[in-house]
Amino acid sequence: MPHVTAQDKVLPDITEWQKYVKVPDLVANCTDWTDAQEAAAQVDRSEKMVLAFMGTGIFEQLHFLMGFEDTLASFLMEPEAMHELIEVIAEYRYTYARLLCENLKPDIVLSHDDWGSKHSLFMSPGVWREFLKPHYARMYGMI
């Protein structure tokens, strides 16, 4: 987890996220799958599985951009801006998952996000359900 400080945070104000957050165009930039497809084709799928990895989930991306405390506070203090930013991050991850599935046909997609500690969520279950669950349900449904 990065140590985000006031001096190095990418997103100092969630209400101005469009000014600071730049999203790469995966479709335009991920056009040559040849090496990955050849590697996947080498796998004897009767003996092993092909795994595609999707690190840095929605919540992780949020706190990488603005810090942990600002992320949690923004769920409660700026819900409209958080919904907007989460939609953009979720769409990026959805596109990433779709490209992985279409091009590699993996047996497993390992999607990672860190929503809590050993004993509880970092946020209330209601906040998780409102902000994150619909996006993960959509992506996992597609996968």
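Contact here means heavy atoms within 4.5 Å. In the predicted model, the protein chain holds 8 helices and 2 strands. Read from the N terminus, these elements follow the order α-α-α-β-α-α-α-β-α-α. The C-alpha trace extends over about 50 × 35 × 25 Å along its principal axes. Of the 143 residues in the protein chain, 33% are buried. Among contacts with a separation of 6 or more, 77% join residues 24 or more positions apart.

The packing of helix α5 (residues 68-77) against α6 was examined next. In terms of contact, Thr 71, Ser 74, Phe 75, Leu 76 and Met 77 of α5 meet Pro 79, Met 82 and Ile 86 of α6. Sorted by class, this contact of α5 with α6 comprises 6 nonpolar and 2 polar residues, with no charged residues. The axes of the two helices, α5 and α6, lie 6 Å apart, and the packing angle is about 115°.

Thr 71 also takes part in the surroundings of His 63, since contacts of His 63 beyond its neighbours within four places in sequence are with Met 1, Val 4, Phe 68 and Thr 71. His 63 belongs to helix α4. The relative accessibility of His 63 is 4%, and the residue therefore counts as buried, the cut-off for this class being under 20% relative accessible area.

Helix α8 (residues 133-142) contains the buried residues His 135, Tyr 136 and Met 139. Viewed down the axis of α8, the buried residues are confined to an arc of 95°, and they therefore line one face of the helix. An α-helix has 3.6 residues a turn, so residues three or four places apart point the same way. The cover over the buried residues of α8 includes two strands, β1 (51-54) and β2 (108-111). Helices α4 (58-66), α6 (79-104) and α7 (125-131) are also included in this cover.

The buried residues of α8 reappear in the description of internal space. The count of cavities of 30 Å³ or more is 1, and the largest cavity has a volume of about 50 Å³. His 135, Tyr 136 and Met 139 are among the residues that line the largest cavity, together with Ile 58, Ala 90, Arg 93, Tyr 94 and Arg 138. Both α6 and α8 supply at least two residues each to this lining. The greatest contribution to the lining of the largest cavity is that of α8, with 4 residues. By class, the lining of the largest cavity consists of 5 nonpolar, 1 polar and 2 charged residues.

The largest pocket has a volume of about 230 Å³. Its lining is formed by 14 residues, of which Val 23, Pro 24, Gln 61, Ile 89 and Tyr 92 are the closest to the centre of the pocket. At least two residues of the lining come from each of α4 and α6. Helix α6 provides the largest share of the lining of the largest pocket, namely 5 residues. The class composition of the pocket lining is 8 nonpolar, 4 polar and 2 charged residues.

Several loop positions were also characterised. The loop between β1 and α4 contains Thr 56. Phi of Thr 56 is near 55°, which is a positive value in a residue other than glycine. Thr 56 has a relative accessible area of 30% and is therefore partly exposed. A positive phi is likewise found for Lys 105, a residue other than glycine, with a value near 50°. Lys 105 is located in the loop between α6 and β2. With 52% relative accessibility, Lys 105 counts as exposed, as the cut-off for this class is over 50%.

Asp 44 is placed in the loop between α3 (34-41) and β1. The relative accessible area of Asp 44 is 42%, and this residue is therefore partly exposed. From Asp 44 to Gly 67, the sequence separation is 23 residues, while the C-alpha to C-alpha distance in space is 43 Å.

Key. Residues are numbered from 1 along each chain as its sequence is written. This is a predicted model: local features need pLDDT of at least 70, side-chain atom pairs count only at pLDDT 80 or more; totals for chains, interfaces and linings use all residues. Side-chain values use heavy atoms; hydrogens and water are left out. Buried means under 20% relative accessible area, exposed over 50%, partly exposed in between (1.4 Å probe, protein chains only). The arc is that of the directions from the helix axis to the C-beta atoms. Axes are lines fitted to C-alpha atoms, for helices over the stretch in contact, and angles run from 0 to 180 degrees between N-to-C directions. Ala, Val, Leu, Ile, Met, Phe, Trp, Tyr, Cys and Pro count as nonpolar, Asp, Glu, Lys and Arg as charged, and the others, Gly among them, as polar. On a 1 Å grid over the protein atoms alone, a cavity is a set of points where a 1.4 Å probe fits but cannot get out, and a pocket is an open set with protein on both sides within 12 Å along at least five of seven lines; lining residues have an atom within 4 Å of a point. Grid points are joined across faces, edges and corners, and a volume is the space filled by probe spheres set on the points.
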